[in-house]
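Student: I'm new to this structure, and I'd like a close look at a single part of it. Could you walk me through the nonpolar core and what surrounds it?

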Amino acid sequence: MVKQIQERLNRAVDNLPHPDAKQLWDTPVRKMEEHDYITRQETGAAARRRPRARGWAISFACAVMLCVAGLGWYTQNVMVAAIVDLDVNPSFEISLNRRQRVLEVQGINQEALEILEGRDYKGWAVEDAVETLMLSVDDRQYLVYGQENAVLLSVRDNERQRADELSRRLSHRVQQTVDREGTPTTVLRQSYDRVE
């Protein structure tokens, strides 16, 4: 079947007229007397306006894309997406961006302000910041060996599932830190689905 089709196609091609190049060049061509909608070219003011309008449209589209990209970067890196409250006796409030990087750590009471003096946690992963704060609290003996110690960890995020997951991870990290230091401590955790 395929062979028959090939033979027929070959015969059809062989039967086509094969003019030589000289004959093609010498063939008279009738010129268009009037341009149609495809070949018409604008002249005058209309021709000068079109490139300018296209340039403005491209500039506007680029500006919109830059604004969207800037807004995306802002919401990922600068805007507060979650807040972690770490209460031992010193109380800390840790503001996080969407990538769960520390934007700011604030001391709520005088003891916390003393611990934070001269330190900047901006850009840290939240787990590392919480661990370092817990080590500082333990070093200053706010957690006492032989007594019942408690840490309250509160996480506020606009998405409840993300708040629960972050609360679980941080409470595990706090528990690991105090266990490694040998200070018996109970970690209480709570999460909220609202950042205020």
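Tutor: Let's begin with a term we will need: a strand here is a DSSP run of E with at least two residues, and strands are numbered from the N terminus. With that in hand, G107 can be placed in strand β3. Please keep in mind that this is a predicted model.

Before we zoom in, here is the setting. The chain has 6 helices and 5 strands. Starting at the N terminus, the order of the elements is α-α-α-β-β-β-α-α-β-α-β. The radius of gyration is 37 Å, well over the 16 Å that the globule rule gives for 196 residues, so the chain is more spread out than a compact globule. You can see this in the C-alpha trace too, which spans about 110 × 60 × 30 Å along its principal axes. Of the 196 residues, 28% count as buried.

Now to the part you asked about. In soluble globular proteins, nonpolar side chains tend to be buried together. The largest nonpolar core in this chain has 28 residues, and V84 and F92 are the ones that touch the most other members. Several elements give two or more residues to this core: the strands β1 (82–87), β2 (91–96), β3 (102–107) and β4 (149–157), together with the helices α4 (110–116), α5 (126–139) and α6 (160–181). Helix α5 supplies the largest share, with 6 residues.

F92 is a good place to stop and look around. Leaving aside neighbours within four places in sequence, F92 is in contact with V84, D85, L86 and D87. The list of F92 contacts goes on with V105, Q106, I108, A112, I115, L116, L133 and V137. Notice that V84, the other residue that touches the most core members, is among the contacts of F92.

Let's return to G107 in strand β3. Again setting aside neighbours within four places in sequence, G107 is in contact with S91, A112, L113 and L116. Two of these names, A112 and L116, also appear among the contacts of F92. G107 and L86 are 21 residues apart in sequence, while their C-alpha atoms are 9.9 Å apart in space.

Next, follow helix α5, where S136 has its place. S136 has a relative accessibility of 7%, and because buried means under 20%, S136 counts as buried. Beyond its neighbours within four places in sequence, S136 is in contact with I115 and R119. I115 should look familiar, since F92 touches I115 as well.

Past helix α5 comes the loop between α5 and β4, which holds Q141. Phi of Q141 is near 60°, a positive value in a residue other than glycine. Q141 counts as exposed because its relative accessibility is 63%, and exposed means over 50%.

The loop between β2 and β3 gives us another residue of this kind, Q100. Its phi is also near 60°, positive although the residue is not glycine. Q100, however, counts as buried, at 16% relative accessibility. R98 has its place in the loop between β2 and β3 too, and R98 is partly exposed, with a relative accessible area of 35%. Not counting residues up to four places away in sequence, R98 touches T75, Q76, M79, A81, E159 and R162. R98 and A82 are 16 residues apart in sequence and 7.4 Å apart in space, C-alpha to C-alpha.

Finally, let's step away from the core toward the N-terminal helices. M65 lies in helix α3 (residues 45–77) and is exposed, with a relative accessible area of 56%. From M65 to S191 there are 126 residues in sequence and 36 Å in space, C-alpha to C-alpha. L24, in helix α2 (residues 21–26), is exposed as well, at 55%. L24 and V144 are 120 residues apart in sequence and 102 Å apart in space, C-alpha to C-alpha.

Technical notes:
Residues are numbered from 1 along each chain as its sequence is written. This is a predicted model: local features need pLDDT of at least 70, side-chain atom pairs count only at pLDDT 80 or more; totals for chains, interfaces and linings use all residues. Side-chain values use heavy atoms; hydrogens and water are left out. Helices (H or I, at least four residues) and strands (E, at least two) are DSSP runs, numbered from the N terminus. The radius of gyration is taken over C-alpha atoms; the globule rule is 2.2 Å times the number of residues to the power 0.38. Buried means under 20% relative accessible area, exposed over 50%, partly exposed in between (1.4 Å probe, protein chains only). A nonpolar core is a set of buried Ala, Val, Leu, Ile, Met, Phe, Trp, Tyr and Cys residues joined through side-chain atoms within 4.5 Å. Contact means heavy atoms within 4.5 Å.
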